[in-house]
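Student: Could you take me through one part of this model in detail? I'd like to hear about the disulfides, and then whatever else you think belongs with that tour.

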Amino acid sequence: MGVFLAGLMTAGAAVADGVKCKPVLPYFCANMHIGCSGRTDLPAAGFSISFESSTARVVFESGAIWDVTIEASDSGRVFRQLGSDNWIRIDTDGQFSLRVYSGAKALMSVGQCDPD
C-alpha cells in the first residue's frame, strides 16, 4: 500500500480526516482511455471525502453529496455510492477515477487527491 493510501485509512478505520480531489479536466468524458473521446458538456467538479469508521461521505463542489461504501482493490480503494452504480477509485498514489452513469451512458473524470 502506498504512503498516500496508508495515511488515508487502514483496515476500515480512518487515519486521515479525509481527502480533497481535483479533476484534471473541467468536464466528463465518455472514454478517458482514448484521450477523452466523447467529451461532454457535463462539468466535472472537485470533491472531498470525509471518513467515519468504515464508511465515508463524498461532498462535491457542485453541492451533491454521496454516502458511500468503501472496498479494497488491488490498486487502492473504491468508493461506491449507495443505491447507485456510480463509483470513485483512488489509487495508492492519490490519482482518482470517477465513473458516473447518466442515462445509458457511463461518463468518467480523472484527477488527483491529496490529504485534507
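Tutor: Sure. Keep in mind that this is a predicted model. It holds 2 disulfides, and a disulfide, in general, is a covalent bond between the sulfur atoms of two cysteines.

Let's start with Cys-21 and Cys-113, whose sulfur atoms sit 2.0 Å apart. This pair ties together distant parts of the chain: Cys-21 belongs to strand β3 (residues 18-23) and Cys-113 to strand β12 (residues 105-115), with 92 residues separating the two cysteines. The torsion about their S-S bond is about 110 degrees, so this disulfide is right-handed. Both Cys-21 and Cys-113 are buried.

The other bond joins Cys-29 to Cys-36, with 1.7 Å between the sulfur atoms. Here the S-S torsion is -80 degrees, and the link is left-handed. Cys-29 has a relative accessibility of 0%, so it counts as buried. Cys-36 shows a relative accessible area of 13%, and Cys-36 is buried because that falls under the 20% cut-off. If you number the bonded cysteines in sequence order, the pairing reads 1-4, 2-3.

Next, the largest pocket. It encloses about 200 Å³ of space. Its lining includes Phe-28, Leu-42, Pro-43, Phe-60, Trp-66 and Val-100. Strands β5 (37-43) and β11 (95-102) each contribute at least two lining residues. By class, the lining splits into 9 nonpolar and 2 polar residues, with no charged ones.

Phe-60, one of those lining residues, takes us to strand β7 (residues 55-60). In a regular strand, the side chains alternate between the two faces of the sheet. In β7, Ala-56, Val-58 and Phe-60 make up the covered face, while Thr-55, Arg-57 and Val-59 make up the uncovered one.

What flanks β7? On the β6 side, strand β6 (residues 47-52) runs antiparallel to β7, joined by 6 bridges, and Ile-49 stands opposite Val-58. Strand β8 (residues 65-73) also pairs with β7 in the antiparallel sense, over 5 bridges, and there Val-59 has Ile-65 as its bridge partner. β7 and β8 form a hairpin with 4 residues between them, and Gly-63 in that turn has a positive phi of about 105 degrees. To come back to the pocket, Ser-62 and Ala-64 are also among the residues that line it.

Conventions. Residues numbered from 1 in each chain as written. Predicted model: local features only at pLDDT ≥ 70, side-chain atom pairs only at ≥ 80, totals over all residues. Heavy atoms only, no water. Disulfide = S-S within 2.5 Å. Buried < 20%, exposed > 50% of the residue type's maximum accessible area, 1.4 Å probe, protein only. 1 Å grid on protein atoms, 1.4 Å probe; cavity = no way out; pocket = protein on both sides within 12 Å on 5 of 7 lines; lining within 4 Å. Points joined across faces, edges and corners; volume = space filled by probe spheres on them. Nonpolar A, V, L, I, M, F, W, Y, C, P; charged D, E, K, R; others polar. Pairing = 2+ DSSP bridges.
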